[in-house]
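Colleague: I would like to learn how to read a model such as this one. Could we go through it feature by feature?

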Amino acid sequence: MKQVNRADLPSGTFRQGIRHGLPIALGYLSVSFAFGMKAVGDGLSVLQAVLISMTNLTSAGQMAALPLMAAGASLAEMALTQLTINLRYALMSLSLGRKLDSSMGTLQRMIFSFANTDEIFAVASSQPGKVGKNYLYGLMLTPWIGWSLGTFLGAAAGTLLPAFVRSALGIAIYGMFLAIILPPARKHRPVRFVVAIAVALSLCFRYIPGLNTVSSGFAIIICAVAAAAAGAALFPMKEEESA
Amino acid sequence: MKWSVFLPYLAVTAGVTYLIRMLPLTVFRREIRSRFVRSFLGYIPYAVLGAMTFPDVFYSTGDLRTAICGVAVAVLLAWRGRSLLTVALAACVAVALAQAFLLLV
């Protein structure tokens with residue numbers, strides 16, 4: 001997400017949150033459209049696809065869940081996969097906690113944590129000072145609607161689209177992933193290193209006989225944990241660097 | 001998918017994802033002291049997304065050649081720091097154009 005102009009932000013109102021959430025919602029719309037299409041292709045109903053998006057609100061986790069569901073993976077593998085892929089949110093929530101104004105009680109924290117996605121976190125963190133609850137409600141509402149609506153449209157209408165449009169949309173979510181990882185990889189050598197290790201391991205798990213029998217969920221877990229651990233061992237972050 | 005199969009999956013994915021986001025905001029409000037753990041958590045998103053993107057992105061369009069075009073455009077724009085929306089849509093457009101080109105030749 002682009003940094004928001006600070007002069008633009010006299011206070012954290014609900015409307016402001018809505019406005020800052022709009023570009024996120026638009027991005028989500030196109031990506032969740034592809035998710036909805038893929039979910040239906042993997043044997044889910046439209047309602048099931050939309051329910052996943054409404055309750056999970058996470059692109060990478062949901063994408064990884066689809067092949068596991070289609071393959072009838074165990075619930076333990078599903079839980080472990082989600083835990084690894086979504087572990088980054090724990091760090092974001094820790095960090096977001098420091099941005100919340102002190103009037104926010106546990107109940108409100110429980111509501112906000114539901115919608116702490118990469119992009120919402122990035123925008124909330126880029127605000128000067130503490131963020132208020134009305135602003136956060138707005139900032140989270142628009143992307144949630146965009147994510148759910150896009151899933152519905154993709155699941156319901158995806159099959160109506162001509163084949164060449166459908167195959168072109170298949171790459172949307174990976175475009176979003178690249179847009180998240182490449183700018184920091186360009187700036188920071190350790191991030192480049194971590195990404196390179198993860199990609200190399202992922203290629204091994206796909207193409208090396210024997211290794212390619214490991215299921216997709218566990219392969220992602222092993223790649224990510226090994227690459228992040230290598231990064232943490234060789235390039236420990238300084239205090240203010242953590243994501 | 002049968003609801004009896006689907007609902008446990010839904011409960012697990014939504015439940016695990018929510019707890020990961022919720023517990024650090026409510027229960028564990030202390031700072032993480034270990035520099036290794038903080039760094040590990042900081043690198044996890046890049047490692048996860050890298051492993052999820054490659055090599056899967058090359059199979060995302062059903063044709064390796066069009067996927068390569070899409071990846072090239074996405075990498076170029078993402079490297080220059082364009083927004084998520086721009087990168088995602090430009091990759092789709094590149095794939096669509098590549099498909100049209102392949103149909104013509």
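**Reading the model**

Modeller: Start in chain B. B:Pro55 is found in the loop between α2 and α3 of chain B. Bear in mind that this is a predicted model.

Colleague: Is the peptide bond from B:Phe54 to B:Pro55 cis or trans?

Modeller: Look at omega. For B:Phe54 to B:Pro55 omega is near 0°, and the bond is cis.

Colleague: What confidence does chain B carry?

Modeller: Chain B has a mean pLDDT of 90, and 97% of its residues reach 70 or more. By element, α3(B) has the highest mean, 96, and α2(B) the lowest, 86.

Colleague: And what is the mean pLDDT of chain A?

Modeller: The mean for chain A is 86, with 93% of its residues at 70 or more. Among its elements, helix α2 (residues 46–56) of chain A has the highest mean, 97, and α5(A) the lowest, 80. Residues 1–11 of chain A fall below 50, yet this stretch has 15 contacts in the model beyond near neighbours in sequence. Where pLDDT is low, the predicted coordinates should not be read in detail.

Colleague: What are the scores for the whole model?

Modeller: ipTM is 0.88 and pTM is 0.77.

Colleague: Now the interface. How many residues does each chain give to the contact?

Modeller: Interface size is often given as the accessible area lost when the parts come together. Here we have residue counts: 62 from chain B and 88 from chain A. On the chain B side, the elements giving two or more residues are α1 (3–26), α2 (35–53), α3 (64–79) and α4 (84–104). The largest share there, 18 residues, comes from α2(B). By type, that side of chain B divides into 43 nonpolar, 14 polar and five charged residues.

Colleague: Which domains does the assignment give for chain A?

Modeller: Domain 1 covers 6–78 + 85–181, and domain 2 covers 188–243. Their C-alpha centres lie 23 Å apart. Ten residues of domain 1 are in contact with eight residues of domain 2. On the domain 1 side, α3 (59–70), α4 (75–86) and α5 (88–97) of chain A each supply at least two residues. That side divides into eight nonpolar, no polar and two charged residues.

Colleague: How do I check the length of helix α10 (residues 172–187) of chain A?

Modeller: Compare the expected span with the distance between the end C-alpha atoms. At 1.5 Å a residue, the 16 residues of α10(A) should span 22 Å; the ends are 24 Å apart, which agrees. α10(A) does bend, by about 25° at A:Ile181, and a proline, A:Pro183, follows within four residues.

Colleague: Is α10(A) mostly covered or mostly open?

Modeller: Mostly covered: twelve of its 16 residues are buried. Among them are A:Tyr174, A:Phe177 and A:Ile181.

Colleague: How does α3(A) look by the span test?

Modeller: α3(A) has twelve residues and reaches 17 Å from first C-alpha to last, close to the expected 16 Å. Ten of the twelve are buried, so α3(A) is largely enclosed by the rest of the structure. The buried residues include A:Gln62, A:Met63 and A:Leu66. Just after α3(A), A:Gly72 takes a positive phi of about 65°.

Colleague: Which residue other than glycine has a positive phi near 50°?

Modeller: A:Leu57 has that value. A:Leu57 sits in the loop between α2 and α3 of chain A. Burial is a matter of counting neighbours, with 20 or more other C-beta atoms within 10 Å as the cut-off. A:Leu57 has 25, so A:Leu57 is buried.

Colleague: Try that on a proline in a helix. Is A:Pro143 buried or exposed?

Modeller: A:Pro143 lies in helix α8 (residues 133–157) of chain A. A:Pro143 has 26 other C-beta atoms within 10 Å, so A:Pro143 is buried. Leaving aside neighbours within four places in sequence, its contacts include A:Gly21, A:Tyr28 and A:Glu119.

Colleague: What does A:Ile197 contact beyond its neighbours within four places in sequence?

Modeller: A:Ile197 contacts A:Ala226, A:Ala227 and A:Ala230. A:Ile197 lies in helix α11 (residues 189–207) of chain A. With 23 other C-beta atoms within 10 Å, A:Ile197 is buried. Sequence separation and distance can be read together here: the C-alpha atoms of A:Ile197 and A:Gly231 are 34 residues apart along the chain and separated by 9.0 Å. For A:Pro143 and A:His188, the figures are 45 residues and 29 Å.

Notes: Residues numbered from 1 in each chain as written. Chains lettered and ligands numbered in written order. Predicted model: local features only at pLDDT ≥ 70, side-chain atom pairs only at ≥ 80, totals over all residues. Contact = placed C-beta atoms within 7 Å. Nonpolar A, V, L, I, M, F, W, Y, C, P; charged D, E, K, R; others polar. Domains from an automatic or database assignment. pLDDT = per-residue confidence, 0-100. Expected span 1.5 Å × (residues − 1). Bend = angle between axes of the 7 residues up to and from the residue.
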